Structures are given as structure tokens and as C-alpha cells.
Amino acid sequence: MAVSEAQVLEHSGANEHHDDHEHHGNFVTNYIFSLDHKVIGKQFLLTGIFWAIIGGGLSIIFRLQLGFPDMDLEWLRPLLGKWITDTGKLDTEFYLALVTMHGTIMVFFVLTAGLSGTFSNFLIPLQIGARDMASGFMNMLSYWLFFLSSVIMFISLFIETGPAGGGWTIYPPLSALPQAISGSGLGMTLWLVAMVFFIASSLLGGINYISTIINLRTEGMSFTRMPLTIWAFFLTAILGLLSFPVLFACALLLVFDRSFGTSFYLSDIYIGGEALPNTGGSPILFQHLFWFLGHPEVYIIILPALGITSEIISTNARKPIFGYRAMIGSMMGIGVLSFVVWAHHMFVTGMSPFLGSIFMILTLIIAVPSAIKGFNYITTLWRGNIRFTPAMLFSIGLVSLFISGGVTGIFLGNSALDIFLHDTYFVVAHFHLVMGSSAFFGMVAGIYHWYPKMFGRMMDDKLGYIHFWLTFVGVYLVFFPMHYIGIAGFPRRYYSFTNFDAFSSFGDLNMFVSAAAIITFGAQFIFLFNFFYSMIRGRKAPENPWESNTLEWTTPRVPGHGNWPGEIPTVYRWPYDYSKPGSESDFIPQTIPLSSTPESNLAHEEESAKTEQVDK
Amino acid sequence: MDTAFPLKRKDKGTSFKLHPQKVALWLFLVSVFMLFAAWTSAYVVKQSDGTIPDLEIPLMFDYSTIVVVLSSVTMHMAYIFSKRNQILNIKISLLATALLGVTFLVMQCMAAVEFTNAGGYWVGHPMSSFVYVLAGAHGVHLVSAIIFLVIVVNAAFRYRVHSKSMVRIEMCTTYWHFLGGLWMYLYLFLTLNH
Ligand code: HEM
Ligand SMILES: [Cu+2]
């Protein structure tokens with residue numbers, strides 16, 4: 001690839017130093033230690049995809065155990081070695097490690113870093129009209145810290161004592177005492193170290209996203225003209241900034257307990273009849289700190305997916321998003337409320353019933369802004385000229401999953417019901433629909449939609465449709481039955497149920513779930529093939545394949561570093577002028593001045609058109 | 001990615017603009033604040049258990065608090081002097097600040113010794129470990145502020161800190177005052193909660 005010797009100057013309005021550095025691209029600076037937000041976004045994406053395969057693969061292994069408890073797993077020995085016991089069964093402690101790593105990988109590495117990292121990086125500068133992030137260096141650092149964290153977490157999969165095994169929520173005392181299970185030994189230490197780097201990476205990324213959105217918007221891009229994707233990334237970054245330090249605080253105390261003799265989370269523990277010296281600590285304290293991050297974290301995962309969906313649904317329904325301001329308002333509402341509901345994960349820790357009912361009410365209130373978003377998606381689709389692109393299908397799929405999963409949240413939010421449902425498969429079903437599958441659908445929708453801008457080529461639609469239908473039907477078949485299993489009382493994280501007569505009638509259902517999971521997982525390889533094959537062989541993308549209004553579609557087919565070859569475009573209108581009455585075309589990009597569309601202007605727009613300054 | 005477009009220095013933008021590095025600093029401060037908010041809330045939750053060991057907060061904290069307040073005063077003087085271009089005074093007050101900062105850290109270490117002697121062990125009841133965590137984490141941040149300060153001092157000696165080049169010293173002042181304020185908060189928190 002020929003790299004032109006064009007000078008790249010630091011883009012910054014108020015920046016003090018304007019070092020004009022030459023942009024001699026070579027492979028390393030262009031693709032590895034790149035400062036270009038688009039490359040960094042793709043790095044996050046590829047790492048996220050890598051982790052998704054690992055995380056999904058782990059779940060298939062434990063689903064084999066759950067669905068086919070009598071199966072001989074000898075054939076997995078080449079892969080798992082001594083984690084397959086002599087009788088050809090999965091080692092029980094390794095089962096816990098699998099569940100733990102599946103959760104950790106999916107929540108943090110795929111749906112936080114892979115989703116936010118990819119799309120915040122890729123889309124923020126492109127959609128607000130900036131040349132790059134506020135600090136390219138911090139951005140690069142953010143990726144490489146994530147990479148380091150990934151390497152450490154990956155290594156922990158292969159160590160002698162196995163990776164962390166205390167669940168993705170790493171509750172002490174289990175996680176604090178290496179003598180408790182093998183997964184609380186070195187694996188847990190590596191988990192904590194990896195998460196420290198992960199937190200640092202998220203904070204660096206978040207600080208950058210926020211200051212970019214505040215400072216680098218192009219002329220005319222007021223906050224009320226920002227696409228909802230950008231609003232979602234903005235609020236997500238704020239949530240992360242407020243909650244990740246708390247996870248750090250929580251994890252650091254655990255590190256002290258594990259390795260430096262303190263007893264923040266430990267008290268009155270006997271192992272093998274012998275008392276440990278720790279007194280005065282409380283494991284409940286850990287849960288408070290953890291869930292103060294943990295609950296906002298679930299919204300850190302879902303908000304970007306919801307933002308992406310807003311954009312895709314509006315574009316492909318050829319209609320303005322319904323209730324733009326209500327969408328922003330409800331995201332803000334969700335953001336604020338997400339900090340005051342954490343104890344709904346702790347209803348059964350012996351908290352006072354009065355406190356429980358306060359958290360119950362706050363939790364149920366969250367359903368209101370969530371429902372507003374759901375209704376707005378549906379009303380946007382209502383009577384639209386819908387174009388069923390793969391991205392659109394996945395977005396609609398997200399709406400469906402978000403609603404089905406949200407409804408079960410309302411069950412769980414009732415402190416009385418939760419006494420029964422807590423830690424059963426009902427919870428697993430709830431969050432896999434509302435968070436896991438929804439956010440995954442949002443991520444995939446985003447990839448299908450912005451692939452043309454990322455790689456300059458189109459993905460194959462037919463494969464996309466097959467991928468969608470298999471995945472959509474698949475995730476419902478996997479997670480819907482789990483509600484019944486949960487209501488029947490199956491606890492989560494149990495290795496096997498064959499010893500309980502009460503559960504024997506659910507053996508078939510578990511088998512069914514496992515089979516569906518394997519098929520759904522398999523279907524993802526269609527996507528992977530499509531993704532990599534289209535990079536080389538895909539049809540060349542037009543500049544604006546979806547006839548969309550936002551700024552990224554005004555860049556060249558494959559934008560270079562700096563995004564726009566000439567001037568940065570000016571913005572004259574909000575991003576959702578689709579099918580505007582009076583207009584001939586069914587979309588009016590943000591760069592078209594109001595003064596040139598008198599036929600479709602609304603009364604107040606006609607007013608502002610009079611004073612509009614249009615550059616030539 | 002075979003072209004690199006000229007990134008123009010004078011790109012147009014929104015009229016609503018803040019200094020990007022300052023915004024980044026403020027956001028960083030927010031996350032530091034959240035860190036300490038988490039620990040102090042955890043402390044309160046722990047305290048409400050009722051099993052509080054009888055521990056005295058070291059007397060040395062009273063003195064170190066005075067030192068940190070003084071350092072904020074000298075830091076602010078440096079800031080005002082740079083606005084007025086009084087180069088010599090900038091250097092003096094910056095050095096004084098750095099000196100006070102180091103003194104503060106030494107006093108915090110002495111406080112730790114005092115605390116240990118009075119039975120407040122690191123390995124022991126969480127309530128005493130918390131004192132170390134709070135003061136220690138604050139100290140670590142203060143070390144980073146001293147490093148920042150040294151960078152500014154270095155710039156001052158090269159005549160790079162004056163009324164037309166204020167960003168660095170402004171940011172340093174912000175950070176310093178923030179850490180001073182944070183310590184005041186921790187000090188009051190610990191003394192009033194005991
Ligand atoms: C209608 C709104 C929602 C309500 C009322 C709600 C309520 C709850 C409650 C009460 C629990 C705890 C159940 C238990 O452990 O016993 C829970 C678990 C969970 N929820 Fe939700 N939820 C809602 C929406 C969401 C959303 C939007 C997400 C993610 C994007 C989410 C993700 C999770 C996760 C990950 C867990 C399980 C964590 C774990 O224990 O591993 N929830 N939800
Ligand atoms: Cu929650």
C-alpha cells in the first residue's frame with residue numbers, strides 16, 4: 001500500500017503544542033501502534049471477536065456437561081488434558097472455572113471492550129465530524145492496556161491450577177482463600193491483575209470519548225443534533241467513569257485480603273476445623289462494592305447497543321426516530337437510576353426488608369425509561385418503509401430480546417419473588433436475553449451496518465439472513481426454556497442435577513437447550529466466514545450504501561487518517577430527516593443546509609434557514 | 001488506509017469548547033473521587049456493624065493536614081505569580097510547594113508508625129486497615145502530583161511558565177488543590193468517624 005507523504009498536523013482547537021509530525025506510515029504505525037481511531041476501533045473489534053469465540057467455546061463445553069451428563073468426554077482430552085477425569089468426565093472445579101471465565105470474558109472483554117471499544121472509537125469522530133479523538137495517544141494506550149489485560153486473562157486459562165473459579169462476580173470468601181478451591185489460587189490472582197489493566201483501559205478510553213464529544217464536534221453539531229449513537233456512547237462513558245473506579249476499589253481490597261493479610265471481606269472462617277486469623281471483615285461489603293459497579297456495568301453494555309439500534313432502525317425504517325429527546329431523556333434516566341439499584345442483586349443477603357422494598361421500588365422504576373425506549377423503537381418501525389437489511393433484522397431482534405428479557409427483570413425486581421428466583425436459572429435466562437443476547441445482537445447489527453465504512457466492502461446479505469434467522473431462533477430456544485428450569489428451582493452454577501429426583505424430569509429440556517446452543521454457536525461461523533471473506537472478496541461499497549444521513553457517509557469509501565480529504569463538513573440539521581414531507585428524496589443528510597430545502601422545511605426551520613451561514 | 005489526509009490545524013468546530021487536556025484532567029479527578037467515595041462508603045458500612053475496635057487516629061495527621069494546606073497556599077501563589085510573570089517568585093513558590101509535599105509524605109509515614117505503635121495494625125481489624133488504605137492511596141496520588149510538579153518546575157526554570165503559557169501550571173494547581181481537598185475530606189472523615 002502506497003502511503004502518501006502528506007503531512008499530518010495535530011488536530012486541536014485549543015491545544016497548546018502544534019508539533020507538525022510527518023506521517024510516514026509503515027506497517028507498524030499504521031496497523032499496530034496506530035493513533036488513528038478507526039484502526040484502534042478495528043483492533044478492539046478483532047480482539048473482541050477473538051474473545052467471543054473463546055467465551056462461546058467455553059460455554060459449549062459446560063453445556064455438554066449440563067445437557068448430556070452421561071456423555072464420555074474423553075475426546076476433549078487433547079484440548080483439556082487433565083481437566084477430563086479418568087472416567088471421561090469434566091472435572092468439577094474446572095466446570096466452575098469454565099462458568100467463571102465464560103461470564104468474565106463475555107461481560108468485560110466482548111460486550112464492554114469489544115462493543116464500546118469498537119464503536120465508540122470508530123464512530124465518535126466520524127459522526128461528530130472530527131479528524132480523530134482528543135488524544136490519539138491515550139486512545140492507543142487504552143487499546144494496548146486492554147490487549148495486555150487480554151493476554152494475562154488468556155494465560156490464566158492454561159495454568160496448572162486453572163483459571164479463576166469463583167464466578168464472574170468473584171464473591172469472597174471463596175475467591176479470597178486460595179485453599180478454598182484451586183480456582184482461587186494463581187488463576188484468581190491473574191484475574192485480578194488482568195482486571196486492573198482492564199479498568200485502566202476503560203477509564204482512558206472513557207475520558208477520551210467524553211472529551212472528544214465535548215470538544216471536537218464540527219460546526220453546527222450541537223448536542224441536540226447528535227446522532228443517538230453518540231449520545232449512547234457519551235452516557236456509557238460517563239457511567240464507566242463513575243463505576244469502574246469502584247470496581248477498582250473493590251478489587252484492590254480483595255487483593256489485600258488475598259495476598260497481604262488483611263481481612264476486609266473475611267471473618268470467622270474455619271478451614272478443615274482450623275480457624276483463620278481473620279476477624280471483623282464482611283463478605284457482604286464486597287457485594288455492595290461489586291454491584292455498585294456491577295449494575296451500571298450492565299447498562300454500560302446495553303446502552304451502546306441501544307444507540308446503534310436507534311440509528312439502524314431509523315435509517316432502515318426510513319423514518320425519523322420516534323421521540324428523539326425522549327430517547328436521550330430515558331438514557332439519562334437509566335444512567336442515573338442505574339446507580340441506585342445495585343442491592344437488587346443482594347435481596348437474600350439478609351438485608352432489612354424495609355431497605356429491600358426501597359431497592360425494589362427503585363429497581364421497578366428503571367422499567368419505565370427502558371419501556372420508553374422499547375415503545376419508541378416500535379413506533380419508529382410502525383408504518384415505516386422498512387428495508388430488511390441484516391443490520392436491521394439484528395436491530396429488530398435486539399428490540400425483541402430486550403423486551404422479553406426486561407419483563408423477567410420485573411419479576412426479579414420484586415424482593416419477595418426474588419427469594420425464590422435468586423441464583424436459579426431464571427436469573428440466567430433474564431440476563432442472557434436482556435443483556436447477553438441483546439447486546440450481542442446490537443454488536444452484530446453494528447458490524448453489518450458499518451462494515452462498508454470499516455473495510456470499504458459490503459458483506460454478503462444472503463449469508464447475513466441465514467445468520468440472523470439461525471441466531472434469532474437459536475437464542476430463544478436456548479434461553480427461553482431456562483425460565484422454566486429456573487422456576488422449577490434449578491440453582492445456577494451447579495455441576496450436575498442427576499442426583500436430585502425433583503430435577504430428573506428436566507433432563508430432556510437441558511439436552512434440548514444444549515443442542516440449541518451448539519447449533520447457535522455453529523451459526524456464528526457463517527458470520528465469521530462472511531466477515532473475513534468480504535474483506536477481500538466483498539462487493540465494493542458505495543459511499544453511502546444505506547442512504548443514511550449521518551456524517552460518516554460523507555467520507556471517501558475508505559477514509560484515511562483525518563477522515564475527510566478536504567474541509568470538515570458543517571452540519572445544518574439533525575440526523576433523522578428521513579421521508580420528510582415535501583422532500584423528493586427520502587433522506588436529507590446532515591450536511592444539506594436548511595436554506596436549500598425550502599420545500600420540506602418546517603416552520604421553525606424556515607426561520608433558522610433565513611439566518612443560516614452556508615460555506616461554499 | 002493508503003492515504004493520510006492533511007489534518008488541518010484550524011478546523012472549524014462548535015463554539016462550545018473546553019480545553020481538551022483540562023477536561024481530561026477533570027474527568028480523571030472524577031474517577032479518583034469515586035475511588036475514595038467507594039472506600040469511605042465501605043468504611044461507613046463496616047462501621048455500622050458495630051464491632052469497632054478502639055483506635056486513636058494518629059496525632060501526626062493534625063500536623064500533616066496543616067502542611068498540606070500550606071502547600072496549597074504556595075501552589076496558588078505560584079499560579080498567581082505566573083499570571084503576573086514574576087518568574088523568580090514562581091520558581092520559589094513551586095519549590096516550596098514541592099518541599100511541603102515531600103514533608104507531608106514523610107509525616108504520613110511517621111503517622112503510620114505512630115498508628116502501628118498505638119495498636120492500629122495493617123493486618124488486623126478492617127477498621128485499622130482502612131486507615132492505611134485511605135492514607136496510602138492518597139499518598140500514591142500525591143507522589144504523582146509531585147512528579148507533575150517537578151515537570152512544571154523544570155518548565156519554569158526554562159522560562160516556559162508565564163502569563164501566556166498557563167495551561168500546565170493551571171492543571172498542576174487544579175490537581176494539587178484537589179488532592180489537598182481530598183486529604184481534608186479524609187482527615188475530617190477519619191477524625192469525625194472515630
Ligand atoms: C426492567 C429492568 C430490569 C430489572 C427490573 C432487572 C432486575 C434484576 C434483578 C432483580 C436481578 C437480580 C436477580 C438475582 O440475582 O436474584 C437482575 C439480574 C441481572 N440483570 Fe437485570 N433487570 C433489568 C434489566 C436489566 C438489563 C437492561 C440488563 C443488562 C443490560 C440486566 C442485566 C442483569 C444481569 C447481568 C443480572 C445477573 C447478574 C448475576 O447475578 O450474574 N438487567 N436483574
Ligand atoms: Cu442489576
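In this predicted model, helix α6(A) gives the most to the lining of the second largest cavity, putting in seven residues. Along with α6 (186–215), helices α4 and α7 (228–259) of chain A each supply at least two residues of that lining. The space enclosed there comes to about 210 Å³. The second largest cavity is lined by 21 residues, and those closest to its centre are A:Thr112, A:Ser116, A:Ser202, A:Gly206 and A:Tyr209. Sorted by class, the lining of the second largest cavity splits into ten nonpolar and eleven polar residues, with no charged ones.

That cavity has company: searching the whole structure turns up six cavities of 30 Å³ or more. The largest cavity has a volume of about 1000 Å³. Its lining runs to 45 residues, with A:Ser59, A:His102, A:Met106, A:His432 and A:Phe479 nearest the centre. Five helices of chain A give two or more residues each to this lining, namely α2 (37–67), α4 (92–128), α13 (425–455), α14 (461–487) and α15 (507–537). The largest share, eleven residues, is down to α13(A). As for chemistry, the lining of the largest cavity is made up of 30 nonpolar, twelve polar and three charged residues. Helix α4 thus turns up in the lining of the largest cavity and again in that of the second largest.

Helix α13 of chain A also carries A:His430. This histidine, through NE2, is the single protein donor to the iron atom of ligand 1, at 2.1 Å. A second metal sits 4.6 Å from that iron atom, the copper ion (ligand 2). Three histidines coordinate the copper ion: A:His295 uses ND1, while A:His344 and A:His345 use NE2, at 1.8 to 2.0 Å. Along the chain, the copper donors are spaced as H-x48-H-H. Two of them, A:His295 and A:His344, link distant parts of chain A, being 49 residues apart. A:His295 belongs to helix α8 (residues 283–317), whereas A:His344 lies in the loop between α9 (324–337) and α10 (353–381). Both A:His295 and A:His344 are buried.

Back among the helices that line the largest cavity, α15 of chain A is where A:Thr520 is found. A:Thr520 counts as buried because its relative accessibility is 10%, and the cut-off for that label is under 20%. Leaving aside residues up to four places away in sequence, A:Thr520 touches A:Thr471, A:Gly474, A:Val475 and A:Val478.

On the confidence side, the predictor assigns the complex an ipTM of 0.91 and a pTM of 0.92. Chain B has a mean pLDDT of 88, with 90% of its residues at 70 or more. Of the elements in chain B, helix α2 (residues 60–83) has the highest mean pLDDT, 95, and helix α1 (residues 20–47) the lowest, 92. The weak spot is residues 1–9 of chain B, where pLDDT stays under 50 throughout. The model still gives this stretch 47 contacts beyond four places in sequence. Where pLDDT is low, though, the predicted coordinates shouldn't be read in detail.

Definitions and conventions:
Residues numbered from 1 in each chain as written. Chains lettered and ligands numbered in written order. Predicted model: local features only at pLDDT ≥ 70, side-chain atom pairs only at ≥ 80, totals over all residues. Heavy atoms only, no water. pLDDT = per-residue confidence, 0-100. Helix = DSSP H or I, 4+ residues; strand = E, 2+ residues; numbered from the N terminus. Contact = heavy atoms within 4.5 Å. Donors = N, O, S within 2.8 Å, 3.2 Å for Na, K, Ca; no water. Buried < 20%, exposed > 50% of the residue type's maximum accessible area, 1.4 Å probe, protein only. 1 Å grid on protein atoms, 1.4 Å probe; cavity = no way out; pocket = protein on both sides within 12 Å on 5 of 7 lines; lining within 4 Å. Points joined across faces, edges and corners; volume = space filled by probe spheres on them. Nonpolar A, V, L, I, M, F, W, Y, C, P; charged D, E, K, R; others polar.
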